[in-house]
Amino acid sequence: MPDIFASNAATTTFSVFRNRVPLPQVNGIQPVIAAAGQSVVITGHNFSGVAAVRFGGVAASSFTVENENRISAVVGQGSSGTVDIATTFGVGSIDGFVFAGPPLISSVSSLTATTGDTVFISGKNLTGATDVSFGASKASYFTIVNPTFLKAVVGDGESGAITITTPYGTATQTGFQYLPVPIVHWFTPTTAAGGAMVAISGSNFTGITGVSFGGVPAASYKVISSSTIHAVVANGSSGAIHVSNAYGNSSKDGFTFLAPPVINSFTPATAGNRAVVTITGSNFTGVTAVKFGSVNASSFQVVSDKTITAMLSYGESGSVSVTNSGGTATKEGFVYVNSPAIMGFTPKINGSGSVVTITGTHLATTQAVSFGGTPAAAFTVLNDNTITATVANGADGLLTVSTLGGEASVDNFLFTTAPLVNSFSPVVGPVGTIVTIKGANFNPSVAGNSVYFGAVNGKVLEATPNSLKVVVPSGATYQPFTVIANNQTASSATPLLATYNSEGHFTASSFLGRTDFETNGKPESISIGDLDGDNKADVVVANTFTNTISFFRNTSVGGELSFAAKIDSATGPHPHAVKLADVDGDGKLDILLLNYDLQSNSIIPDNTITIFRNNSTPGKLSFAAQKIIHCQYRPEALAVVDLNLDGKKDLVVVHTGIKMQGQEFVSVFMNTSEKEVIKFYQEQLIFTTSETLSGTFFQGSIAEADVNNDGRTDLVIGFGLGDFVTVLKNNIRPGKLFANLNRLCIGGCWYGSGYGNLAAADFNADQKIDILTDSYILRNTTDNFSYSFFNQGVTAGGGIVAIGGLSGDAKPDYVRVNPQSNTISLFKNESNSSKISFAPAFQYATGTKPAGVAIADLNDDGKMDIAVTNQELNTFSVLLNGTGSTGPVISGFTPSSGRAGTRLTITGSNFTGVSAVHIGNVPVLSFTVTSPTTITAVIADGTSGNVTVTTANGKTSLAWFFYAPSITSFTPAKSGQGNSVTITGANFIGTTAVDFGGEAATSFTVVDASTIKVVVGKGASGNVSVTTPGGTATLAGFTWVPAPVITSFTPETGAKGTKVTISGANFTDATAIRFGGAEASSFQITSPATIVATVGDGATGNVFVTTPGGTVSSINQHFLFIPAPAITSFTPTFAVPGTTVTIHGSNFTGITAVHFGGTAAASFTVVDAKTITAVVATGASGDVLVTGTGGTAALPGFLFGFPTSLPGVSPGINNLVLFPNPAQTEVWINHPARAIKASIRVTDVYGREVKSLAPLQLSTQSK
């Protein structure tokens, strides 16, 4: 209320007079809602002097002040809002009046809007509004700010009027235009990959102009309805889905794009079963499958978004593929290698340097070979089925081959450090033949090896740890030969058979030159061998009655039989089964025999093995004190054999007429001797019969034979009674002392009777040891490790047997003693590979009651003679071999080396009528026959070789005369460690050393007298030298080159023509570059450390660099060769734009372009390495071209057609297709089939008719 203000002029002051008149105060209204004409009671205070009453600012039509506190007013045409009371003193108001009248819109903030927009509406009587609509669609929601103002959010509206409805009416504002901007409510799936369809729900999906995923446009979309869109995801990204039309766009977050995987590389590029392949790339999260070719990996691990490790199961070559929800990535170039398998290997027993041949399947990608866990020194893959591997310092156990396809192993590889004979060649030949013996642990010095061919020692010409060259000596007998090296022994599995010139058959007079030599009482067994080292066969006889042994030192010369005075030595009781063998490794044949007391049946001093250790020197027999070994009762037969391959001869004793635990048995004594100290491990008993067999079968003989060719000597036991033999299969591992001998073929294996005496030989030259018994021939048909024999038939029964080359041909014959008829029977071998057979026997007289028999050249004439003991005469008889002509015999010559002009003295026999003397193949300058036993000759300039004497009756040779060597050349002149150099010259036989620049070669092989193959050692530049017993030759000019080294190469993948840079060292003078085994088309040495090579018709695999220093491969890197694509066919051969053509061929992985007639395809998909689907664009007829990293393939025959639109034609005929394009000599038109008559006119660009066609009814093509 206004106050009064007054000034006082006299006092310069002013005064304020406060207005104390009361203002009106409104406390309430009733009713709060009223319409025009209705009465409203207003209560409050100070209602005096009321001048006006207003409802929502509109004056009441009338009012009455009933008292100071109450007014009654009639509502006029008011509006909602406050009720105001105006008096002289002021205005009092109260809010909350609702005018019960229709709403009124006075203005709106915008007459254009879309869903979600807010529109502000001004007017009257808006309080209590129950509805706001835009067009016919309700607002999504609205808010009444006051009776004159509200705000509404547009829902799924439409153009038209804006309406507000209250309980008292509706207000309308025309002219609203709804903008149909798309609205996205939701979508599914929320996660998708390229090519997946996503359903989008919302509104206003009319006139859609774009859909995107994470900002990347959809590959395609289709508006299903105004509320649904189906969109195909392109190679998008995660984020919001956007939908746009001409009025705007809408988005909704939450879409996750599943990116397809990408493969950058994988390693190794070649692998097999259970190999782990590492795959690198990107987008590997969520990977669901990994394949090699079309085969799933057996397992895989997603190490990171960029790395996967996958293990192969069985597989196939082709692409590596990785799949996740986003798609599949592929990369060509994987080569699947099948798992290897080992079918067998030979030899079964080996030492350092032995070469093992391994057979099996899928061996071509071999990466490693090991023996007993020790890597091979070297190996060579001959083909997919064969490997040769050189044993290093191995061990017993598994032989393992590791390939890119996996690993294969086989058990029972045996390793020994003792000398070992694996093979020899030739297996037959005359005296003087050079035999090459392959094996292990030989002494590398010629002098460090002795080789006994049965009775006599052969001359060693060359020696390496794994090879010997030995001359077959005169007097070689048919027995497994023995190599003595490093105080250890090794024996061949089969004998060498020495031959000589003869008629090849026997006559009744072939062995009539019998000479008897006195022994002691009742001589029984006889054995022959060179005891004093003079290369003559001495004789040892066991005398059972006088308990002595007699020695006969051979002094024969040139066919004249003679022995030095007999030497006797006392033994234990009943000496028999005499054997000659080196049991202490000193290179001399010791004597072993058995003793027993017929009255004793227990282990007492009289049941023994007696050993005479040989101390003899040439011309003098001498033996150390007897070594006595006690054994079980009645030792009957003896085998001396190295059972455990430790280089020492073990003893096996057959006991007759006694059982242990109901079984017959043999005793085994494992040799633990050292040089000049003979000792054996404790006796071990091995049963030879089963306890189920009743009775005693009187085993009485034993034969040594590697029955199954596994490199270990088995034992065959013969029985005097019963219809069987026993094979004791040797399972003893090298160096072990336990006698692991398995009994086989017990009872009924071979039928008949009379297996008391046994002998073993390869009668039919099939490299399998056959068994000869008293009555039967058992032909060996054993295959691998299974034992089998074929009972060939009956032999002429009898006593003890000896086997030897008596007829001089390439087959062993045999002799049997006949005690009842005082004869021997001689059987000429006439066997072939499938059958063993002998000619009818010739009988030759002996002394009374012959007992033992042996075969050897006793008179030094080069032919095998027969020696027989005569029990009743106390003698042994020698029946000299009279077969063939009486040709010359060389027993020796001196000196053994020289040069042109050297005088040579040759001794022997039958030199009368000599017509020629040769050294090697060169005749001597001159010779003089000084007597029938001596020739002197002057040698010419020739080559090393045998000394040969020729007469009218034949010729004979004796090894070996050495000329001084000479070197004429060597190639290559530059080489490095481990590489082969060929040296040519003369007189290389017997080479003992080869040097390069003073450094010894790693190894060498004398190919022949004029050629040596040498493996270079550490080496140095300088002279090449060759040393033989004849001297040393040198030749200058050798350059030693270090081996090349590859450290890396790039790129790791490429096609033909790709240039690859190889880095490393020692590349100077490189001669070859290979990619996966295929030669580079060219290469350039840019520096000693760099080569740039151009890939030719390459292959996947290692990169190889070859220089004079050797060949090296990239061990940790593999080159992936990308082959050129090839097209075999495509269909259809005619197409129009938009047609999908399927192309077949190979090497389609990594394709970058497809063309039809020179025009790029609109799009293409590589289905797999053999299939492409391509969509034809505008093109032309011609070749189909497929282009990839490896090159371009073309195939002619594609015809391109183009459609043309025909305006104004009848409904249903709206397209024609013309082809070929460009037109050739004719044009074909494809058109719809019509049941009515029609015509086709072809015009030129000026409208002139060129051709008019009347297609046949219902036809679809015209020309």
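This passage describes the overall make-up of a predicted model, followed by selected strands, loops and enclosed spaces.

The protein chain contains zero helices and 127 strands. Of its 1263 residues, buried residues make up 50%, and the accessible surface comes to about 51400 Å², with 53% of that surface belonging to carbon and sulfur atoms. When contacts between residues at least 6 apart in sequence are considered, 52% of them join residues at least 24 apart.

Strands of a sheet pair through backbone hydrogen bonds, in either a parallel or an antiparallel sense. One open sheet is formed by five strands, which follow the order 22-29-28-24-25 and show mixed pairing. Its edges are strand 22 (191-193) and strand 25 (216-217), each of which pairs on one side only. The pairing of strand 25 with strand 24 (residues 208-213) is antiparallel and runs over two bridges, and within it serine 212 has proline 217 of strand 25 as its bridge partner.

A second example of antiparallel pairing is provided by strand 71 (residues 714-719) and strand 72, which are joined over four bridges; here valine 716 is matched with valine 727 of strand 72 as its bridge partner. Strand 72 (residues 725-730) is mostly covered, with six of its six residues buried. The burial concerns both faces of strand 72, since Val725, Val727 and Lys729 point one way while Thr726, Leu728 and Asn730 point the other way, and all are buried.

Two loop residues were examined individually. Threonine 115 is located in the loop between strand 13 (112-113) and strand 14 (118-124), and it counts as buried because its relative accessibility of 17% falls under the 20% limit. The side chain of threonine 115 takes part in a polar contact of 2.3 Å with the side chain of tyrosine 178, and it also reaches the backbone oxygen of glycine 155 at 2.5 Å. Apart from neighbours within four places in sequence, the residues in contact with threonine 115 are Val154, Gly155, Asp156, Gly157, Tyr178, Leu179, Ile183 and Asn204. Serine 445, in the loop between strand 50 (434-440) and strand 51 (449-453), has a relative accessibility of 35% and therefore counts as partly exposed. The C-alpha atom of serine 445 is separated by 8.0 Å from that of glutamate 462, a residue 17 residues apart from serine 445 along the chain.

Open and enclosed spaces were also located in the model. The second largest pocket holds about 950 Å³ of space and is lined by 35 residues, among which Ser319, Thr330, Glu332, Thr1149 and Ala1169 lie nearest its centre. At least two residues of this lining are supplied by each of strand 37 (318-324), strand 38 (327-337), strand 112 (1120-1121) and strand 118 (1163-1168), with strand 38 giving the most, namely eight residues. As for enclosed space, the structure holds three cavities of 30 Å³ or more. The largest cavity has about 80 Å³ of space, and its lining consists of 13 residues, of which Ala476, Ala498, Thr499, Gly805 and Met864 lie nearest the centre.

Methods. Residues are numbered from 1 along each chain as its sequence is written. This is a predicted model: local features need pLDDT of at least 70, side-chain atom pairs count only at pLDDT 80 or more; totals for chains, interfaces and linings use all residues. Side-chain values use heavy atoms; hydrogens and water are left out. Buried means under 20% relative accessible area, exposed over 50%, partly exposed in between (1.4 Å probe, protein chains only). A polar contact is a pair of N or O atoms within 3.5 Å; within protein, one must be able to donate a hydrogen and the other to accept it, and residues adjacent in sequence count only if both atoms are side-chain atoms. Contact means heavy atoms within 4.5 Å. Two strands pair if DSSP finds at least two bridges between them. Accessible areas come from the Shrake-Rupley method with a 1.4 Å probe; for residues, only the protein chains shown count as cover. On a 1 Å grid over the protein atoms alone, a cavity is a set of points where a 1.4 Å probe fits but cannot get out, and a pocket is an open set with protein on both sides within 12 Å along at least five of seven lines; lining residues have an atom within 4 Å of a point. Grid points are joined across faces, edges and corners, and a volume is the space filled by probe spheres set on the points.
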